[in-house]
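Colleague: I am new to reading protein models, and I would love some help with this one. Could we go through it together, one question at a time?

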Amino acid sequence: MAEVSREPIPFGNFQESGDHELAGASPLAVNVVIDGKGAVRRRPGLATYSEAPSTAIDSTGIVGLHASHDNGLYAVGAARHIFRIDDGSAADLSTDSERMLQGFERPVFAENELAMLIAGGGSIQRLVLATLQSSRLGASSTYAPPFATHVLANASRLLANDLASASSGGRVRYSQPGLTDYDEWPSRYYFTAEARPDPVVAMGENTNEVWVFGSQTTQVFTPDPSIVYATTGAVEYGCMAAYSVVKADQRFAWLANGRRFMYSDGRTSDEISGPIASTLDSIMKVSDCFGYRVQSGFADCLVWTFPTDKRSFCWQIGGGWSQWHGLDSLGAYPGTFPVTAHTARTSDATEVVGLSSGRICQI
């Protein structure tokens, strides 16, 4: 196996080389961010979170976190159990296999007024927020939803990719509208991202738009009274890693084909990874990349981790790039950045993270 370089990478406002000084410090940056005055500071640290247990809730690790609109906090462990986190404890809501998340992919969360929906590569799981009852969505319906890796809520409907149709093109299926029929997904209820016949890799939503990331192109759709969903834009960049897609207000950033990180509003796109292009070329496996957004004080950062290569990179909006490390198993530096899941609570803006150790902390 080839030795992977772990040298620091250039940090700065799209700086292509390390020839310039940045705020009096070396532009080669590890575990740093830039404050509002341009000074280099340490990245936000990890701390104990009082709402979560101080010990691991799943020894296999945390792979998903979600803060619901009613201020609930939920976690999914690598063993596919679903937990409710509250008042320093974790309640396991998956008392049997039908209450566990199906599939082997990273969890993707969506919500309507009544329930939280989770896709993970199999049947979509529904957790009723009022009762905390977990079950398969559409288990007893006439028109069951598809096996999916991504689910989202938009315009009183649920939408999901259809793994069964992945080989035939970019099909997105949607449910009947409303809160009583959303477990009914008639087979004729679908639209296709037809810019190219590439399969759907990932999906996202921002306000009233649906983004469909294919392997070669990305298309944007909006609800339409006559055809349900109409295309409003497309960009000539696909997605290489399904969970690299990070929402940043109205824009998205993701790892596109060609090993480039793109930042787009769905009409125009900017490549942001120029300063680390050679570093990305050295990554052995890019398909398992996952990302999330960290907003802590002055720092607004998009963070991507490559688990196989055990490397994490941060792009600070308005700043530049840095490598983020943690400690290794012996407490020595550098080690793998331990964050494996992230969510932000809207009630108090707490940045909550799940760790590879199975603990839940805060940034």
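Colleague: Is strand β24 (residues 260–264) largely enclosed by the rest of the structure or not, and how many of the five residues are buried?

Modeller: Happy to help! This is a predicted model, where local features need pLDDT of at least 70, side-chain atom pairs count only at pLDDT 80 or more, and totals for chains, interfaces and linings use all residues. Residues are numbered from 1 along each chain as its sequence is written, and side-chain values use heavy atoms, with hydrogens and water left out. Strand β24 is largely enclosed by the rest of the structure, because the number of buried residues among its five is four.

Colleague: What do those words stand for, and which residue in β24 stands opposite W254?

Modeller: Buried means under 20% relative accessible area, exposed over 50%, and partly exposed in between (1.4 Å probe, protein chains only). Strands (E, at least two residues) and helices (H or I, at least four) are DSSP runs numbered from the N terminus, and two strands pair if DSSP finds at least two bridges between them. Strand β23 (residues 251–256) runs antiparallel to β24, and five bridges join them. Opposite W254 in β24 stands M262.

Colleague: Which residue takes a positive phi in the hairpin of β24 and β25?

Modeller: Strand β25 (residues 269–271) is antiparallel to β24, with three bridges joining them. Their hairpin has four residues between the strands, and the one with a positive phi near 95 degrees is G266.

Colleague: How far apart in sequence are the parts that R267 and E209 tie together?

Modeller: R267 forms a salt bridge with E209, with the closest N and O atoms 2.8 Å apart; such a bridge is a side-chain nitrogen of Lys or Arg within 4 Å of a carboxyl oxygen of Asp or Glu. R267 lies in the loop between β24 and β25 and E209 in strand β19 (residues 209–214), so the distance in sequence between the parts they tie together is 58 residues.

Colleague: Is R267 buried, partly exposed or exposed?

Modeller: Its partner E209 is buried, with a relative accessible area of 15%. For R267 the relative accessible area is 40%, which means it counts as partly exposed.

Colleague: Which residue is linked with D249 and R293 in a network of salt bridges?

Modeller: R293 forms a salt bridge with D249, the closest N and O atoms being 3.2 Å apart. At 13% relative accessibility R293 counts as buried, whereas D249, at 51%, counts as exposed. The residue linked with them in the network is D300.
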